[in-house]
Amino acid sequence: VVPARLVQKNLLRLKPQTEFRDAALTEPLACVVLGVEETKLREGQRVLVLGAGPIGLMFVALARNLGCIVSVVGRGEKRLQAARKLGTTQVFDVGAGGDILGAVPKDERFDAVIEAVGKPEAWEAATKLVRKGGIVNFFGGCPAGTTVSLDTGLLHYSSITLMASFHPTPRTIRRALEFI
C-alpha cells in the first residue's frame, strides 16, 4: 500500500482543456520524446522514420516541430496520408512486400534514421539508409531472441552511431503532456 501523500505528490494534473483520450497517449509520446532527445534531432537535419504507425507518426510530428526535414517509409494509405498531413517531405510506400530498401531511392541517405517497426529487416535497412557519420535509433523493439545481421565494415568505416531508446522518464512524461 502506497501512502496517499506519495501518490498525490507524483500525480500530474491535466489542463482543463485536455481530453482524457488525448492524455491516454502520454506514455507512448513520452517514449518518443526520449527517442528524439537521445537521437539529438535538430533543425535542418534530414530524418527518415521507418514505420508510419502511431509511434512513427509521433516521431514525424516531433521531428517536424524541431524543424527537421522528415521522410517516412511505411505502408497503408491512411497511415501514409497521415504522415503527409504531418508535413513529411517524402513518403515511400513499401507496399505489401515490405521492401524498405527497394522503396527508398538508392542514392538517398539521411542524417538520422528512426526505426519504429520492430522487425529485424527494418533494423538492417536502417543502417544502410543513414549517411556517413549519421545516427540510427533502433526504437522499435524486436521480439525476444531475434537476431540481426549488420555490415560491420559499413558501420565502422562510415562512423555510424547505433543506439536505442526505451523507457520514459518523469521529465519526458511532463514534456509529452505539454505537447498534448
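Start by selecting K40. This residue is exposed, with a relative accessible area of 60%. Exposed here means over 50%. Remember as you go that you are looking at a predicted model.

Stay on K40 for a moment. Where does K40 lie? It lies in the loop between α3 and β1. Now check its backbone. Phi of K40 is near 60 degrees, a positive value, and K40 is not a glycine. Most residues other than glycine have a negative phi.

For another case of this kind, jump to S159. Phi of S159 is near 50 degrees, again a positive value in a residue other than glycine. S159 sits in the loop between α8 (152–157) and β6 (161–163).

**Next stop: two helices**

Go back to α3 and select residues 26–39. Add helix α4, residues 54–65. The axes of the two helices come within 10 Å and cross at roughly 55 degrees. That makes α3 oblique to α4, because an angle of this kind falls outside the ranges for roughly parallel (under 35 degrees), roughly perpendicular (65 to 115) and roughly antiparallel (over 145). The crossing of α3 and α4 is right-handed.

Now show the side chains. Which residues of α3 meet α4? On the α3 side, pick P28, L29, V32, V33, G35 and V36. On the α4 side, pick I55, M58, F59 and L62. Color them by class: the contact of α3 with α4 has nine nonpolar residues, one polar and no charged ones. Glycine counts as polar in this scheme.

**Next stop: two strands**

Select strand β1, residues 46–50. Then add β2, residues 69–74. How many bridges join β1 to β2? There are five, and the strands run parallel. To see one pairing, click L50: its bridge partner in β2 is V73.

Is β2 mostly covered or mostly open? Turn on the surface around it. Strand β2 is mostly covered, with five of its six residues buried. In a regular strand the side chains alternate between the two faces of the sheet.

**Last stop: L101**

Select L101, in helix α6 (residues 100–103). Its relative accessibility is 36%, so L101 counts as partly exposed. What does L101 touch, leaving aside its neighbours within four places in sequence? Its contacts are A125, K128 and L129.

Finish with a distance. Select L101 and R42 together. They are 59 residues apart in sequence. In space, L101 and R42 are 25 Å apart, C-alpha to C-alpha.

Note on methods: Residues numbered from 1 in each chain as written. Predicted model: local features only at pLDDT ≥ 70, side-chain atom pairs only at ≥ 80, totals over all residues. Heavy atoms only, no water. Axes fitted to C-alpha atoms, helices over the stretch in contact; angles between N-to-C directions. Helix = DSSP H or I, 4+ residues; strand = E, 2+ residues; numbered from the N terminus. Left-handed = near helix turned anticlockwise from the far one by under 90°. Contact = heavy atoms within 4.5 Å. Buried < 20%, exposed > 50% of the residue type's maximum accessible area, 1.4 Å probe, protein only. Pairing = 2+ DSSP bridges.
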